[in-house]
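Open the model in your viewer and follow the stops below. Each stop says what to select and what is there.

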Amino acid sequence: MSTETPIPAERGDFIREIVAADLREGRRQSIVTRFPPEPNGYLHIGHAKSICLNFGIAREFGGRCNLRFDDTNPMKEEQEYIDAIEADVRWLGFDWGEHLYYASDYFEQLYEWAVDLIKAGKAYVDDLSADEIREHRGTFTEPGRNSPWRDRPADESLDLFARMRAGEFPNGARVLRAKIDMAAPNISLRDPVLYRIVHSEHPRTGDAWCVYPTYDFAHGQSDAIEGITHSICTLEFEAHRPLYDWLIDNLPVPSRPHQYEFARLNLTHTVLSKRVLLRLVNEGHVRGWDDPRMPTMSGLRRRGYPAEGITDFATLVGVAKTDSVVEVGMLEHAVRNVLNRAASRRFAVLAPLKIVIENFPEGQVEEVEVPNNPEDPSAGTRKVPFSRELWIERDDFMEEPVRKFFRLAPGREVRLRSAYFVTCTEVVKDDAGEVVELRCTYDPATRGGDAPDGRRPKATLHWVSAAHAVPAEVRLYDYLFKSPYPGADGADLFDDLNPESETTLSGCFVEASLADVPAGETVQFERLGYFCPDPDSAADALVFNRTMTLKDTWAKLQKQGRQDTA
RNA sequence: UGGCGAGUGGCCUAAUUGGCAAGGCACCUGACUCUGGAUCAGGGGAUUGAAGGUUCGAGUCCUUCCUCGCCAGCCA
């Protein structure tokens with residue numbers, strides 16, 4: 001308890017074990033990781049897994065995690081994304097301190113190293129076109145062929161490379177390539193492109209450059225410059241590791257980072273691909289990157305998911321090298337878990353049905369005391385007005401109750417939460433036979449929700465006073481994709497889009513205090529689920545998003561019943 | 001087809017490196033309950049991708065095979 005060891009006691013995932021061993025066996029004195037997003041889109045929950053891994057390791061092992069933007073492709077990158085990414089990482093609860101970097105910070109150094117490589121005869125300027133380079137590359141089974149420019153004198157490459165930088169050539173005219181092995185079974189070693197000409201405004205460096213390093217030439221060297229010890233990336237970069245190492249081996253870099261790969265996160269009922277997410281936005285399937293149905297950080301935030309739920313989820317799924325698809329249910333579990341603990345409870349009626357308590361004095365208003373969070377007594381209580389006319393949930397009444405339906409029905413007594421027991425005495429219908437109102441009586445002796453004679457209703461209902469409740473719009477969300485595996489076995493994943501992923505309810509009535517819920521806070525509407533105010537919400541026009549429902553065994557029973565009869 | 005990687009209950013992840021296959025999610029049952037929530041207790045579910053081999057003993061080591069993923073951008 002008194003001694004502090006930088007090495008956590010419990011065994012972790014395979015990467016943490018490597019980190020611990022490197023420390024324990026003296027290969028490393030301290031740990032430096034990095035989260036290296038490309039600012040060409042918004043962060044999603046898959047990135048959260050990587051963020052939690054990199055920042056988590058730094059935190060646990062007393063090290064540091066840099067935030068580094070991998071901004072080597074000015075055609076796709078924008079400042080807007082840089083800003084959003086920073087905000088998202090912060091929101092998750094991580095801090096990079098002073099260590100905010102950009103690969104573009106290193107462009108000059110990278111250029112010099114490229115020159116070193118040319119001088120050493122390990123890189124050359126190639127005049128072949130992109131198509132020709134592809135043809136020369138060979139295939140999985142056939143080796144590639146050397147470019148005719150491969151053995152051009154270093155001086156010539158040097159001159160050409162300088163002129164590429166000077167802007168003498170158009171996009172695609174020439175590239176700088178590493179001279180490795182055109183017959184390598186690993187295709188990324190067949191003289192990979194190191195630099196290409198891109199005449200394009202860069203969000204950070206403007207028009208200072210018209211040659212840009214490729215990912216392969218920038219990433220490992222950036223790691224080395226920053227003293228990254230463990231460069232953690234996803235599985236698809238595994239084949240690049242030999243190239244990563246080759247560059248580190250052949251350049252006078254100041255440190256020796258190592259790359260480790262883990263399986264990226266996949267989730268059922270959604271898609272975590274920047275390309276597809278971009279299409280969802282651009283084609284109007286959602287209203288934007290922060291649409292509450294999106295798996296983006298900003299979408300989840302707007303949906304009301306607490307950051308802690310997401311980081312807990314990352315811990316829950318672990319880190320391994322097996323391609324996997326995690327059931328969304330696990331995310332929902334993590335989120336419910338923190339919300340159940342922290343969210344304060346309120347009353348809201350989504351599909352209102354009026355009840356009139358005939359023996360309750362007209363015009364009288366009583367304030368009943370309601371606990372804000374039964375899970376957390378320190379959250380205190382609040383006063384909620386109770387009167388003769390109330391709204392209850394339509395689903396909480398059945399004229400002809402089926403088996404196992406415990407809620408209100410003609411002649412049945414239920415408890416109105418924290419208020420009184422009421423009994424339904426009469427059902428009022430309109431001409432069409434629709435139930436429009438219930439007449440009830442209440443038992444004044446049950447004030448607060450307990451009967452002196454100890455009788456206990458089988459159901460407790462939420463309610464709001466008709467005269468005091470405020471109207472609201474509530475947006476219900478469901479999975480963006482109907483199929484757990486959108487686009488599986490060749491199907492067009494856009495065919496799997498769930499047309500009911502968003503349902504807007506108007507005419508809801510909510511407790512007046514709900515007008516004061518601050519942005520970013522998620523509350524529980526008792527018995528219904530977790531909800532948060534949407535940015536569209538205004539003082540005189542409240543809008544709530546349903547973050548998720550409570551676990552609902554009644555709904556499950558109903559669903560099962562439907563299946564049984566079907 | 002060449003290279004690389006991965007296969008453990010429906011899903012995710014462990015297994016002290018050769019010693020009784022464990023935990024979480026999901027599911028089911030019961031208890032409790034002023035949320036049909038939460039909580040608590042219990043339960044079902046695994047030939048560890050397959051077949052051989054080594055061994056007293058294999059998820060772990062060897063051989064062969066099968067399946068899946070990634071790689072042929074001047075994307076990352």
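Select Ser 104 first. Outside its neighbours within four places in sequence, Ser 104 is in contact (heavy atoms within 4.5 Å) with Asp 71, His 202, Arg 204 and Thr 205. Display those side chains together.

This is a predicted model, where local features need pLDDT of at least 70, side-chain atom pairs count only at pLDDT 80 or more, and totals for chains, interfaces and linings use all residues. Residues are numbered from 1 along each chain as its sequence is written, chains are lettered from A and ligands numbered from 1 in the order in which they are written, and side-chain values use heavy atoms, with hydrogens and water left out.

Next, show the backbone around Ser 104. The residue sits in the loop between β3 (100-102) and α4 (107-119). Helices (H or I, at least four residues) and strands (E, at least two) are DSSP runs, numbered from the N terminus.

Now turn on the surface. Is Ser 104 buried or exposed? Ser 104 is buried, at a relative accessible area of 7%. Buried means under 20% relative accessible area, exposed over 50%, and partly exposed in between (1.4 Å probe, protein chains only).

Zoom out to chain A. Of its 566 residues, 52% count as buried. Colour by secondary structure: chain A has 13 helices and 25 strands. Then align the view to the principal axes, along which the C-alpha trace spans about 100 × 60 × 45 Å.

Last, consider contacts along the chain. Among those in chain A with a separation of 6 or more, 70% come from residues 24 or more positions apart.
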